[in-house]
Amino acid sequence: MGGYVDIHSHILYGVDDGSQSLEESVQMLSMAYEEGVRVMYVTPHYGSGKEKYNSDSLVEKFNELSGVAKGIGDEGIKLILGNEITYSSSAVEDLKCGKARTMGDTRYVLLEFDYEVSFKEMYKGLSAIINAGYRPILAHIERYYCLNKNYNDILSLRELGVALQINTSSVMTKFSAEAKFCRKLIREGYIHFLGSDCHRVKWRAPLMKQAVEVIKKKTPERYLERILFTNPERLQNNQFL
């Protein structure tokens, strides 16, 4: 696989609180390309109240941007459509009927919860997703208060079958407690994926290369290879991690 895979982005314009115009989306694609990204999952919010689209307009805009992305740089960027789904009791039914989207044509789903969710509620929700035959990826795990430095519960989510994603921006602040926590999770093998969670050119930009430079200094090569290449390839092929 050539280049990096960004599994979490809000690069599609005018559909949520991410990019606000086609021009901004093109700028963000160019930035992502310079950061070494060659595959990008387009994951607009679903169920968060930030949506500004219906399913038809979403696909139309995605197809438009996919055509543009193929012409970025010398190699282009491949776009794959999904959703970042805010978990609710209707999430399983919304997935089954196609209102909420999996990650491409796979059984993987990118999920987020309220940041103040209890671990019990989170575990119950993720279990429901798994029991319905889907494979959850928990978005930006560093944001949930119940998981902060709670390594036993993080491990129990992995054992349940949940894949864990960290935002690239969260590892980069040198003296940040959050960044220290995230870097530890990565170098000790807890994390499955990185994602930029990019929203705008000047707010949560599509960073990747900078984060990789930070984490590769102390991360065992086997974990880095798994996060950057092996797991993203398995995700695209709908294989178990």
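Buried means under 20% relative accessible area, exposed means over 50%, and partly exposed is whatever falls in between (1.4 Å probe, protein chains only). By that yardstick Asp197 counts as buried, because its relative accessibility is 1%.

## Ground rules

What you have here is a predicted model, where local features need pLDDT of at least 70 and side-chain atom pairs count only at pLDDT 80 or more, while totals for chains, interfaces and linings use all residues. Residues are numbered from 1 along each chain as its sequence is written, and side-chain values use heavy atoms, with hydrogens and water left out.

## The sheet

Let's start with the strands. Six of them make an open sheet in the order S3-S5-S6-S7-S8-S9, with parallel pairing. Strand S3 (45-46) and strand S9 (193-195) are the edges, each pairing on one side only. Strands and helices here are DSSP runs numbered from the N terminus (E, at least two residues, for strands; H or I, at least four, for helices), and two strands pair if DSSP finds at least two bridges between them.

Which strand is largely enclosed by the rest of the structure? That is S6 (residues 108-112), because five of its five residues are buried. Tyr108, Leu110 and Glu112 are buried on one side of S6, and Val109 and Leu111 are buried on the other, so both faces are covered. S6 runs parallel to S5 (residues 84-86), and three bridges join the two. Glu112 of S6 is the bridge partner of Thr86.

Over at the S9 edge, S8 (residues 163-167) pairs with S9 in the parallel sense, again over three bridges. There, Ile166 stands opposite Leu194 of S9.

## Salt bridges

A salt bridge here is a side-chain nitrogen of Lys or Arg within 4 Å of a carboxyl oxygen of Asp or Glu. The whole structure has six of them. One of these joins Asp197 to Arg143, with the closest N and O atoms 3.2 Å apart. The two residues are 54 apart along the chain: Asp197 is in the loop between S9 and helix H7 (209-215), and Arg143 is in the loop between S7 and H5. Arg143 counts as buried because its relative accessibility is 18%.

Asp197 also meets Arg204 in a salt bridge (3.2 Å, N to O). Arg204 is partly exposed, at 28% relative accessibility. Elsewhere, Glu213 and Lys216 form a salt bridge through their side chains, with 3.2 Å from N to O. Glu213 has 37% relative accessibility and counts as partly exposed; so does Lys216, at 42%. Shared partners tie Arg143, Asp197 and Arg204 into one salt-bridge network.

## A charged patch

Which residues form a positive surface patch? They are Lys149, Lys180, Arg187 and Lys218. Patches take residues with over 30% relative accessible area and no salt bridge, joining like charges within 9 Å and nonpolar side chains (Val, Leu, Ile, Met, Phe, Trp, Tyr) within 5 Å.

Lys149 lies in the loop between strand S7 (135-138) and helix H5 (151-160). Lys149 counts as exposed because its relative accessibility is 52%.

## A contact across the sequence

Finally, have a look at Met31 in helix H1 (residues 22-34). Met31 has a relative accessible area of 28% and is partly exposed. In sequence, 174 residues separate Met31 from Ala205, yet in space they are 8.0 Å apart, C-alpha to C-alpha.

Technical notes:
Accessible areas come from the Shrake-Rupley method with a 1.4 Å probe; for residues, only the protein chains shown count as cover. Lys and Arg count as positive and Asp and Glu as negative; His and the chain ends are not counted. The place of a charge is taken as NZ of Lys, CZ of Arg, CG of Asp or CD of Glu.
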